[in-house]
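Got your viewer open? Let's walk through this model together, one selection at a time.

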Amino acid sequence: MTYLHNIGAYFLMIVEMFRKPTKWSVMKNLILKDIDDLVIGSLGIIAFISFFVGGVITIQTALNISNPLIPKYLVGFATRQSVVLEFAPTFTSIIMAGKVGSFITSSIGTMRVTEQIDALEVMGINSLNYLVFPKTIALMLYPFAIAIGMFLGILGGMAACVYGGFSSLEDYILGIQTDFIPFHITYAFIKTFVFAFVLATIPAFHGFYMKGGALEVGKASTTAFVWTSVVIILLNYFLTQMLLS
C-alpha cells in the first residue's frame, strides 16, 4: 500500500505543480539558475564519461572481431549504435540520477527541514510550482547535453581506434556512415526527454515530502537515486519496445 500511496502522491504532485503559477519575472530567474546548476554544470562529467566509454566500446569491439573475414568498418558501426541507442541516452541518465537527482532531493529536502517550504506556503506561493517546475523546464535542455555526449562518445571511439591501431580512420568513418537510420537519433531524443522529466520530478518528490532532519535528507537522496534509476530502466524497456519494434 505504501508504494500505491507514493505513486498516487507523485501524480498529484505533478498536477499541483502546474496550478497557480509563479509570476514570470520570478520564474525566469529560477529557470536560468536551474539550467546553470543542472544542465551546464553536468556537461563536464557527461563529456568525460562519454569520451572514454566510447573508446572502451571501440576497443572491446575491435578485440572481439578476430575473424579476418569480418570487415574492419564494423568497429565504427558497433560504436555508433551502442553510443547513440543506449549509452548516451540511457546510461548517462542513470549517472545523472546520482548527480542531478541527489542535488534536487537534497536542496528541496533541506528547504523542508529548515521550514522554508512552510514559509513559502504561508506567503501564498505554490511551493511545488516555485521549486519543481523550474527544474522540470530546465531539464528539457538535457537532450542538448546528450547530443554532446553522443558526439564525444563517437569521437572517443575514433581516437581509440586510430591510435590503438585497431582500424584505419577511413574504415571507422565508413562504419559510422554504414546503414545509418535517422530515426535512431529521434528515438534517442524521445527517450532523453522522458528521462529528463523523470530526473526532475522523482527526486523532487522525495525531497518535497520527506520528514525528519539532516540524516533523513541523506536517506531521501539515496532513495531518490534508486527509484529514479529503476524508473529509467523500466521506461527504457517500454519505449524501446514501442518505438523500435
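**First stop: a short loop**

Select E115, which sits in the loop between α4 (74-113) and α5 (116-122). Keep in mind while you look that this is a predicted model. What is the sign of phi at E115? The angle is near 65°, a positive value in a residue other than glycine. Colour the residue by accessibility and you will find E115 exposed, because its relative accessible area is 54%, and the cut-off for exposed is over 50%.

**A second positive phi**

Now go to K20, in the loop between α1 (2-17) and α2 (24-39). K20 is also a residue other than glycine with a positive phi, here near 45°. Is K20 buried or exposed? Its relative accessibility is 54%, so K20 counts as exposed.

**Zoom out**

Show the whole chain as a cartoon. How many helices and strands does the chain have? There are 11 helices and zero strands, so if you colour by secondary structure, helix is what you will see from the N terminus on: α-α-α-α-α-α-α-α-α-α-α. Draw a box along the principal axes, and the C-alpha atoms fill roughly 70 × 40 × 35 Å.

Switch to a surface next. The chain exposes about 12400 Å², and carbon and sulfur atoms supply 72% of that area. As for the interior, 44% of the 245 residues count as buried. If you display contacts between residues at least 6 apart in sequence, 86% of them join residues at least 24 apart.

Then pick out the charged side chains: 13 are positive and 12 are negative. Place a marker at the centre of each set, and the two markers lie 5 Å apart.

**On to another loop: L141**

Select L141, found in the loop between α7 (133-138) and α8 (142-163). L141 counts as partly exposed, because its relative accessibility is 40%. Which residues does L141 touch, once those up to four places away in sequence are not counted? Show side chains for I35 and V39 to see these contacts. Then measure from L141 to F193 in your viewer: the two are 52 residues apart in sequence, and their C-alpha atoms are 8.5 Å apart in space.

**Along helix α11**

Move to helix α11, residues 214-244, and select T228 within it. Is T228 buried or exposed? T228 counts as buried because its relative accessibility is 0%. To see what surrounds T228, leave aside its neighbours within four places in sequence and show A97, V198, L199, I202 and P203, with which T228 is in contact.

Stay in helix α11 and select Y237. At 54% relative accessibility, Y237 counts as exposed, whereas T228 in that helix has 0%.

**Last stop: a nonpolar patch**

Y237 belongs to a nonpolar patch on the surface. To see the patch in full, select Y3, F225, V226, W227, V230, L234, Y237, F238 and M242. Together these residues have about 950 Å² of accessible area. Which helix gives the patch its largest share? The answer is α11, with eight residues.

To finish, keep the patch on the surface and bring T228 back as sticks. Helix α11 then shows you both the buried T228 and the exposed Y237.

Methods:
Residues numbered from 1 in each chain as written. Predicted model: local features only at pLDDT ≥ 70, side-chain atom pairs only at ≥ 80, totals over all residues. Heavy atoms only, no water. Helix = DSSP H or I, 4+ residues; strand = E, 2+ residues; numbered from the N terminus. Buried < 20%, exposed > 50% of the residue type's maximum accessible area, 1.4 Å probe, protein only. Contact = heavy atoms within 4.5 Å. Areas by Shrake-Rupley, 256 points an atom, 1.4 Å probe, with all protein chains shown as cover. Lys, Arg positive; Asp, Glu negative; His and termini not counted. Charge placed at Lys NZ, Arg CZ, Asp CG, Glu CD. Patch = residues over 30% accessible without salt bridge, like charges linked within 9 Å, V, L, I, M, F, W, Y side chains within 5 Å. Salt bridge = Lys/Arg side-chain N within 4 Å of Asp/Glu carboxyl O.
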